[in-house]
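Me: I would like to learn how to read pockets, sheets and helix packing in a model. Could we go through them one at a time, with the general idea first and the case at hand after it?

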Amino acid sequence: MISYFSNELTAIRQISDLRFGIPIILGNNDTYEMIVAIETLNEETFQKILEYSNSSNLEPYIAITQNRASFLKARVYDGNIARLKIPTPISFNWIKSTADPSKDFEYPLKGPYFSIREGKSNISKVGINFCKKAQLLPAVLIVPINSKDLTELKKLGFLYQKISKNFETKKINDNLSLISSGRVPIPGGLNSKVSVFRDLNSLTEHYAIEIGCLDLSQPILTRLHSACFTGDILHSLKCDCGEQLSATINKIQIEKSGVILYLNQEGRGIGLANKMRAYKLQDSGLDTFEANQRLGFNDDERDLSIGSRILKKLGINQIKLLTNNPSKIAAFENSGIKVIKRLPLLSKETKENQSYIKTKKDKSGHFF
């Protein structure tokens with residue numbers, strides 16, 4: 001299939017394909033590989049991959065993150081990922097259970113693992129990064145393909161993209177666009193407006209909630225809040241997110257104006273499905289960061305710079321920030337937003353969230 005899109009738009013299409021269980025093809029320096037997200041890999045696709053592998057004599061392998069590899073006692077030779085050989089006969093369950101920690105107890109004896117040292121890992125790294133952007137488990141099945149088959153697969157509709165040496169690290173253009181705005185009456189009597197911003201690199205939408213009349217000549221009271229379905233909607237006792245959101249609205253109403261940046265980055269950017277996987281792991285004794293790592297993610301996968309980009313589009317350059325998180329302060333100041341003052345946002349400590357709050361304080365330096 002011939003792509004008429006830019007690299008950025010092709011990447012968006014490929015990320016979407018992975019989410020739907022459709023393989024994609026990436027290439028670099030005469031190396032071509034088909035990438036399949038292991039979370040969305042089904043039996044039918046798996047069988048077709050086996051047939052191709054048997055006919056081409058090219059061995060598939062899998063790639064996982066360093067965090068997941070460390071738990072599985074697999075050697076890491078490629079920086080932040082590990083490429084693993086697949087034992088024969090190739091097993092669908094082995095592939096799935098290596099990627100998914102929920103199967104660690106169901107399939108406990110998957111090792112020993114043999115890591116690949118030779119060759120380059122840049123295609124594998126892009127594949128894992130695409131899975132993260134799709135909010136899938138960061139693990140991929142990789143099938144090497146030859147140039148002749150590449151031509152045939154493109155004709156069949158598989159989306160191909162050639163990746164450059166700096167594909168992973170190059171700066172993505174600011175494709176955050178204001179889509180719509182509307183007045184939303186809230187309790188307290190202050191006028192409020194919700195603006196929807198769409199990130200065209202991921203199609204995720206984020207919201208700016210302006211409460212009261214903003215005086216842009218003065219620092220604006222601001223809260224950068226990541227979506228938390230369990231806390232904001234269900235008022236879960238496991239975290240302090242819902243309570244912090246309510247406290248923020250109260251503080252803004254007292255001051256008569258302010259902004260809430262509500263970013264759709266559930267579970268520190270891993271998505272609600274993976275967050276529920278992490279919750280299940282926490283039930284077995286892991287803390288919030290350890291659970292994310294067991295899944296293969298970093299402690300925090302959020303892009304906090306989105307908040308600065310939204311503020312600039314609103315004409316805001318200086319703020320009083322409601323936060324306990326030093327990373328949010330750094331994210332704003334590193335993106336050209338002046339944090340004039342940090343205001344604490346403390347919540348009640350309960351037996352349900354005690355461990356969560358202690359972990360944030362001890363491991364990420366939150367102010368409490």
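Reply: A pocket, as the word is used here, is an open set of grid points with protein on both sides within 12 Å along at least five of seven lines, and its lining residues have an atom within 4 Å of a point. Please keep in mind throughout that this is a predicted model.

Me: What volume does the second largest pocket have, and which residues are the closest to its centre?

Reply: The second largest pocket has a volume of about 700 Å³. It is lined by 41 residues, of which Cys-241, Arg-268, Thr-288, Tyr-356 and Lys-360 are the closest to the centre. Among the elements that give two or more residues to this lining are strand S10 (220-226), helix H8 (241-255), helix H11 (288-295) and helix H14 (354-364).

Me: Which element gives the largest share of that lining, and how do its residues divide by class?

Reply: The largest share comes from H14, with 6 residues, and the lining as a whole divides into 11 nonpolar, 16 polar and 14 charged residues.

Me: How many cavities of 30 Å³ or more does a search of the whole structure find, and which residues line the largest cavity?

Reply: A cavity differs from a pocket in that a 1.4 Å probe fits inside but cannot get out. The search finds 1 cavity of 30 Å³ or more, and the space in the largest cavity comes to about 30 Å³. Its lining consists of Phe-46, Ile-49, Leu-50, Pro-60, Ile-86, Ile-90, Ile-95 and Leu-141, with helix H2 (residues 43-56) supplying the largest share, 3 residues. By class, this lining has 8 nonpolar residues, no polar ones and no charged ones.

Me: Let us turn to sheets. What is the order of the strands in the open sheet of 6 strands, and which strands stand at its edges?

Reply: In general, strands of a sheet pair through backbone hydrogen bonds, either parallel or antiparallel. Here the open sheet of 6 strands has the order S4-S3-S5-S2-S1-S6, and its pairing is mixed. Strand S4 (81-85) and strand S6 (160-162) stand at the edges, and each has a single partner strand, so one side of each is left without a neighbour in the sheet. Direction ignored, neighbouring strands of this sheet are turned by 30 degrees against each other on average. As one example of the pairing, strand S3 (residues 61-65) runs antiparallel to S4 and is joined to it by 5 bridges, with Arg-83 in S4 as the bridge partner of Ala-63. Helix H1 packs on the sheet, where it touches strand S1 (24-28), strand S2 (31-37) and S6, and its direction makes about 135 degrees with that of S6.

Me: And what is the order in the open sheet of 7 strands?

Reply: That sheet has the order S7-S8-S9-S11-S10-S12-S13, again with mixed pairing. Strand S7 (176-183) and strand S13 (338-343) stand at the edges with a single partner strand each, so one side of each is left without a neighbour in the sheet. From one strand to the next, the twist averages 25 degrees.

Me: Which pairs in this sheet run antiparallel, and which pair is parallel?

Reply: Among the antiparallel pairs, strand S8 (residues 192-199) is joined to strand S9 (residues 204-212) by 8 bridges, and Phe-197 stands opposite His-206 in S9. The hairpin of S8 and S9 has 4 residues between the strands, and in it Leu-203 takes a positive phi near 65 degrees. S9 also pairs with strand S11 (residues 257-263) in the antiparallel sense, over 6 bridges, and the bridge partner of Tyr-207 in S11 is Tyr-262. By contrast, S10 and strand S12 (residues 318-322) pair in the parallel sense over 3 bridges, with Lys-320 in S12 as the bridge partner of Leu-221.

Me: Finally, at what angle do H1 and H5 pack, and at what angle do H11 and H14 pack?

Reply: Angles of 65 to 115 degrees count as roughly perpendicular. Helix H1 (residues 7-19) and helix H5 (residues 122-133) pack at about 75 degrees, with their axes 9 Å apart, which means that H1 is roughly perpendicular to H5. In this contact, Ala-11, Gln-14, Ile-15 and Leu-18 of H1 meet Gly-127, Phe-130, Cys-131 and Lys-133 of H5. H11 and H14 pack at an angle of about 75 degrees, with their axes 9 Å apart, and they are therefore roughly perpendicular to each other. Thr-288, Phe-289 and Glu-290 of H11 make the contact with Tyr-356, Thr-359, Lys-360, Lys-363 and Ser-364 of H14, and by class it has 2 nonpolar, 3 polar and 3 charged residues.

Key
Residues numbered from 1 in each chain as written. Predicted model: local features only at pLDDT ≥ 70, side-chain atom pairs only at ≥ 80, totals over all residues. Heavy atoms only, no water. Points joined across faces, edges and corners; volume = space filled by probe spheres on them. Nonpolar A, V, L, I, M, F, W, Y, C, P; charged D, E, K, R; others polar. Axes fitted to C-alpha atoms, helices over the stretch in contact; angles between N-to-C directions. Parallel < 35°, antiparallel > 145°, perpendicular 65-115°, else oblique. Contact = heavy atoms within 4.5 Å. Pairing = 2+ DSSP bridges.
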